[in-house]
Amino acid sequence: MAEIGNMSDIAGLVAGPKANNATTANAISPLDEDDSSLSSAASDIFDRLPSNKRASSGSWEVDANGNWHRYGSLESATSTGISSICSSTAADDVLKDRSSGPSSSKKRMSDGTIKVALPSSSISSGSAGTPRSIEQRGISTEQRGISTEQNGKLKPQQKRRGRPPKDKTTVQPLKPRHRTASLISTMQGDVKPRSAIPYTLPISTFASQCIEAAHASRLDPYVLHAGEHALLADRITSAEVTVYLNVRNAILRLWIQNPRCCVTVEEAAGCAKEGRFYGLAEVAYKWLTRNGYINFGCVEVPQNPTTSAKPKRALKQKTVVVIGAGVAGLTTARQLEGLFAQHSDHWLERDEKPPKVVILEGRKRIGGRVYSKPLRTQKPHDLTGDLRNTAEMGAMIVTGFEHGNPLDPVIRGQLGLQYHLMTDALTIYDTNGKPVKEKRDMLNTELYTDITDRTGDFRAMAQPRNMLKGDEDLIKRSRDPMPGGYNSFKLEPLPEPLGGKPKTVMKRGRRLNAPPVTEKLTGRAQVVEASTDTVKAAQAATEMGWKVKEGVSKHDTVSLKPIAEATLYPTLGAVMDNAITQYQSLLEMTSQDMRLLNWHHANLEYANAAPVSWLSLSGHDQDTGNEFEGAHSEIIGGYTQLPRGLMNLPTKLDVKFQSIVDSIHYDDHLEDDSLRTRIVCTDGQVVDADEIVVTAPLGVLKSEAIDFDPPLPHWKMGAIDRMGFGLLNKVVLVYNQPFWDETRDMFGLLNEAEHADSLNPSHYERRRGRFYLIWNASKTSGRPVLIALMAGHAAHQAEVTDTSTLVNEVTDRLRRVFSPSVPLPQEVIVTRWKQDPFTRGTYSFVAPRTQPQDYDLMAKSVGNLHFAGEATCGTHPATVHGAFLSGLRAAADVMESMIGPIKLPSPLVGPPTVKQETSTGFFARAAPTPTPVSRPQALPATYSSATATLASAEPQIKQEPSSMPLHSIPAAALPTVPRKSVCAADPSFWIPDTFDSHLTYETCILSLISSKIGDRALKPLRPGVNPFLLFTKAHWDECREFCNEDPKLRDVRNIIRTTLGIRWKALSEAEKVPWVEQSVAAQGEADRARKEWEAGVQRWDEEAKRIREEFMKERPPPEGFSGELGGDGGKRKTNVSACVGLGM
Ligand SMILES: Cc1cc2nc3c(=O)[nH]c(=O)nc-3n(C[C@H](O)[C@H](O)[C@H](O)COP(=O)(O)OP(=O)(O)OC[C@H]3O[C@@H](n4cnc5c(N)ncnc54)[C@H](O)[C@@H]3O)c2cc1C
């Protein structure tokens, strides 16, 4: 047992009666708790061997092998290699892998193009320097805070603030763009509309990038989010909703294109097409920032400029305590640090320092259920970058990076972690060790899918919520409505794919031809597109290829209603097993079919961490439809690198380890008691707090290991009770040599029923989850590692079965599949998550009594007590990204509690202004007197001129007058009279002596061009006026007045349109003639304007080219400059578009 015991010493998961509550957990010895986050340098993100081990891996191996020999001496057989005969249920996908050295990875950009990037390993290994994708976006290595030495090792950059890095290999984050870029920092608050919209980019491409960015942020590009709706619904017209959405999507575009660099408020303002929409830009920026849609993760946020003044005396400071350093806790803390920095003025104005954030973590390590345990046998050179050999005890799979995974910007964009893309190929082996025939496998897969779909008829439907919607057609063209509320000009048809049906955010179908296991990699249930109830079961089965029994007609079917309605709380398992039994009466089914169907049950039990008979029939898949896209992947070297990144970048979070929270005394805002808000730990430590965020898992809350004072309200306790917290366990097997097909990521094992060859579904329940799926984790561990899953009832059995019994059983199964000479593993780790006092299970599931709103209740704050964690994220529960999203949400809750809701600027939108093409004013913007009236119509017509003062004495630059101030820019930073010449002819003003980056060089060229020949003209809008529209326009006001007389007419615009339509139809042909003539004339005018524009831009392009070439001749570019920056405005090179050239 000494050897086996050592091998199963996973932190807090050790079998046995110890550590049944948080207090006893305190007694876990350091040996029990192997700490992957602290045993290498704490500031490391990448899980490398400690540096002394790195240099002499030989001695490390000897150590490990010393222990090992004793275990190895038990082995009787040597490895004989592989004997794998496979019948794949899916096409043999080509293995895509980022682990191999020089191979490149692909990242889909928001325009749908694929961007090739060097393996992010280059960050961790330092071998190849900078990921190309980042370089391509115009970010220099220096900007990212990374520098490379010639030998490829990373050289630390000097940090500006925060603690100095402890380890030389620490990756520094990118500084916010506006703090490093000279052009922006000299802007002095002057913002130009459209400056964040690249003029070199076709507007259609820009529009599609914006739409894609909204999708990638889990937002509907055409509809306000509930939070935006709540904020704006009473303050905004329907036309302004479109403008808002255009600006909001454009801000998201900036972020998605480069999440290593914060979007600044100036850039957000530059997404507005007119200055009068700065108010909307400000709201969008604040809402996106506050709610973690932009500027989140491991990125340094822009400090509020007013905070630079040093406090004169010791200031008070509030404290936010976050309980738990899992992904939810670290994300909450990280996000709060960023938000506090950005809102520091709120506290400084009150003579307070911005609040501090403290994390209390019971364990000795971070990560919680993300735990990559280092193996005893280390051969780190097998992984690039000397990453340690680890195995995942908890979360392992990133369920697709595309279409909204918030971890994408962090894992790939900011941390540059290596990952292995998994393939769908799966072979299932029967109990005799033979692979199941592909046809049989497919038949059962389809039958199982059919049964699942039939149970979908009993699903509780989410209530649709009506939010304000923008004009989809205009948003697809990135156009704002015409002023005056009239925008019904007919627009030319949209090109594909923009014109096609938009991909909705919340509903996507099953991946074509993907075997069910792949869907289950998402950890959630399948998407049901339509009810199968109308298709009779016998007919459906025949179409699948099943042979129906003699005498069965194609009209025979299965009926699940009686069983579904038999009890108040029906379970998925009961209904599905009933369906299987009914199908048995229609089809020729064998015991192998039963084993296969039960394999799928086991897979569902893995996804939900609970036997199917414990799952709610109506709600088990309540998160369906929120799945991400793209291949699933695993993090090479360990998923723990994600929580490490969150903890260390951009500055280290304050985590107090081994602080086991015993009780929480909070303010529920109900009673005015004198109790302080504080947290008491089991070791007697008392921590005062102003706000508390609890991220302890649902299992811990259920166990009542933490006392709440006052007790949690009934509604919260009710949700905690009703929700399920499940179990999944893993048996990790480490070998010397692989004996399986290394190109595969997984294989499946069927299990026998309790009574051999039984056709009774209940006889399979207890055994079906035993080692039913085995992952090949070698690619990510760097050692030959298999991870066998124990799901459903088997997960609970693993808690009470000793390790050697489990090892013998799985070895026996492997010998049957591969070869009798399969050796015993060198190292074994068995997880027993139920016994872990800091988790008490694995993840949440929807139990029969769970109510649809329970996840929301779990998330709801009680006074100054807030909640985060996977079980508080109803849209993505039981996942790492769900925990991450919950952390972002909880941070917003804390902010709301501390500084209140987002304040809207007033007025929100300025009146329409006429573009003053000829004006050359540099407008010193005096802040307008706030007016309580929010509707733009109520503003004085002279608003623009009244608030803009022309500094006529100074040299002037042609610029669109901005009638609205950007409220977020502090008054001090607003431009008054320029202090020095801004004469465009004086290049010394904006051309530096040296160019520190390609970006600076390119921006100078663009500035030069812009100063000499002005901006490239915008394409004239095509009026597309048809006679009816002209008629409508002419009679609009008259008709509106008429309609307004009736107060019951709610949607006036539509009624006006309809009325005018009827009137138009009633006109005779002769009466229509004047409108037809006007239309023809307008079209002619439009054609002329377009031709003029085409000729103009051609001249402009030629001239710009000439200026560029001359400049490059005079001022040779920095090394490696390809001139591509200017040519391709499609990608975000920086947060500043090329248009910022004139920014002073
Ligand atoms: C076996 C397994 C496999 C999984 N597979 C996947 C997968 O493939 N993909 C995926 O996306 N997700 C997976 N998950 C789910 C994922 O790991 C979790 O949803 C996510 O990590 C939860 O994060 P969290 O921050 O909410 O909770 P946790 O990570 O559990 O963090 C809570 C923290 O609170 C601390 N804590 C608890 N009690 C106290 C106390 N009294 N005092 C102080 N601190 C305390 C804990 O130590 C812990 O650090 C898996 C989980 C498990 C267990």
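**The ligand shell and helix α11**

In this predicted model, a backbone N or O atom of Gly367 lies 3.5 Å from an oxygen atom of the ligand, a polar contact being a pair of N or O atoms within 3.5 Å. Two further backbone approaches can be listed: a polar backbone atom of Met396 is 3.2 Å from an oxygen atom of the ligand, and a polar backbone atom of Thr879 is 3.1 Å from an oxygen atom of the ligand. Of the 1000 Å² of accessible area that the ligand has on its own, the protein covers 98% (Shrake-Rupley method, 1.4 Å probe).

The ligand is surrounded by 37 residues, the closest being Ala328, Glu361, Arg369, Val661 and Val880; a residue is near when one of its heavy atoms lies within 4 Å. By class, the shell divides into 22 nonpolar, eleven polar and four charged residues, with Gly counted as polar. Domain 2 (317–370 + 639–724 + 845–903) and domain 3 (374–466 + 537–635 + 728–832) both give residues to this shell, so the ligand lies between them; the domain bounds come from an automatic or database assignment.

Elsewhere, helix α11 (residues 238–257) has 20 residues and reaches 29 Å from its first C-alpha to its last, close to the expected 28 Å (1.5 Å times one less than the number of residues). Helix α11 is mostly covered, with 18 of its 20 residues buried, that is, under 20% relative accessible area with a 1.4 Å probe and protein chains only.

Residues are numbered from 1 along each chain as its sequence is written. In this predicted model, local features need pLDDT of at least 70, side-chain atom pairs count only at pLDDT 80 or more, and totals for chains, interfaces and linings use all residues, while side-chain values use heavy atoms, leaving out hydrogens and water.

Note on methods:
Polar contact = N/O pair within 3.5 Å; in protein donor to acceptor, adjacent residues only side chain to side chain. Helix = DSSP H or I, 4+ residues; strand = E, 2+ residues; numbered from the N terminus. Buried < 20%, exposed > 50% of the residue type's maximum accessible area, 1.4 Å probe, protein only.
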